[in-house]
Amino acid sequence: MLRVGLGTDMHRLVSGRELRLGGVSIASERGALGHSDADVVLHALADALLGAVGAGDIGELFPDHDPAFRGLDSAQILRRSLAELRKRDTQLVNADIVIELERPKVLPHRNAIRARIAELLECRLEQVFVKAKTAEGMGPVGEGLAIAATAIVLVDQAP
Ligand code: MG
């Protein structure tokens, strides 16, 4: 049975933090603030995968008040989501991700991000797509105060 999942995430951008997108470090004046490494791409994607199989959400599995998850590498969150799919005999069909960010440009990093996600999800590069857009100067993203991501996934659960 095909199932769909949707995930979104948004973090504040501040100076003095590393910017991580899809498990890749991106050179940037500002990075996302968060309890973990604040990787909006992996957070949105993990929530989409968990939602597709009804396995909860990352706020439940990795509470941001738990000191054990401070500075957490979000790759661990994505691996846990993949494990939840596998427990339910479910395979990823494809994932599509939109990043909203005023700067820097994401396009030069797109294939590195896709490759890292494909590695973490143990799937083919062709199953993962990533694109980015600006907010044309409007709202918290447009003013450079925030970064956001949306992920949608299609999965196939064995009968
Ligand atoms: Mg997050």
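Select Ser 74 first. Leaving aside neighbours within four places in sequence, Ser 74 is in contact with Ser 36, Asp 37, Ala 38, Asp 39, Leu 42 and His 43. Contact here means heavy atoms within 4.5 Å.

Before going on, note that this is a predicted model: local features need pLDDT of at least 70, side-chain atom pairs count only at pLDDT 80 or more, and totals for chains, interfaces and linings use all residues. Residues are numbered from 1 along each chain as its sequence is written, and side-chain values use heavy atoms, with hydrogens and water left out.

**Stop 1: Ser 74**

Stay on Ser 74, in the loop between α2 and α3. Helices (H or I, at least four residues) and strands (E, at least two) are DSSP runs, numbered from the N terminus. Is Ser 74 buried or exposed? Its relative accessibility is 0%, so Ser 74 counts as buried. The cut-offs for relative accessible area are under 20% for buried, over 50% for exposed, and partly exposed in between (1.4 Å probe, protein chains only). Now show side chains. Ser 74 and Asp 37 are joined through theirs by a polar contact of 2.4 Å. A polar contact is a pair of N or O atoms within 3.5 Å; within protein, one must be able to donate a hydrogen and the other to accept it, and residues adjacent in sequence count only if both atoms are side-chain atoms.

**Stop 2: His 65**

Next, pick His 65. This residue also lies in the loop between α2 and α3. His 65 is exposed, at 66% relative accessible area. Add Ala 27 to the selection. From C-alpha to C-alpha, His 65 and Ala 27 are 28 Å apart, with their positions 38 residues apart in sequence.

**Stop 3: Asp 9**

Go to strand β1 (residues 2–15) and select Asp 9. Asp 9 counts as buried, at 19% relative accessibility. Its side chain makes a polar contact of 3.1 Å with the side chain of His 43. Beyond residues up to four places away in sequence, Asp 9 touches Asp 39, Val 40, His 43, Ala 44, Ile 147, Ala 148 and Ala 149. Now pick Ile 99, 90 residues from Asp 9 along the chain. Their C-alpha atoms are separated by 9.6 Å.

**Stop 4: α3**

Select α3, a helix of 13 residues. Its end C-alpha atoms are 18 Å apart, which agrees with the 18 Å expected at 1.5 Å a residue. The expected span is 1.5 Å times one less than the number of residues. Colour the buried residues: Ala 75, Ile 77, Leu 78, Ser 81, Leu 82, Glu 84 and Leu 85. They pack against α1, α2 (58–61), β5, α4 and β7 (146–157). Just after α3, look at Asp 89, with a positive phi of about 50°.

**Stop 5: α4**

Move to α4 (residues 110–121). Which residues of α4 are buried? They are Ile 113, Arg 114, Ile 117, Ala 118, Leu 120 and Leu 121. Look down the axis: these buried residues fall within an arc of 160°, so they line one face of the helix. The arc is that of the directions from the helix axis to the C-beta atoms. Their packing partners include β2 (19–21), β3 (24–26) and β6 (128–133). Glu 122 follows α4, and its phi is positive, near 50°.

**Stop 6: α3 against α4**

Show both helices. α3 and α4 pack at about 45°, with axes 9 Å apart. Axes are lines fitted to C-alpha atoms, for helices over the stretch in contact, and angles run from 0 to 180 degrees between N-to-C directions. The two helices are therefore oblique to each other. Angles under 35 degrees count as roughly parallel, over 145 as roughly antiparallel, 65 to 115 as roughly perpendicular and the rest as oblique. Finish on the interface: Ala 75, Leu 78, Arg 79, Leu 82 and Arg 86 in α3 meet Arg 116, Leu 120 and Leu 121 in α4.
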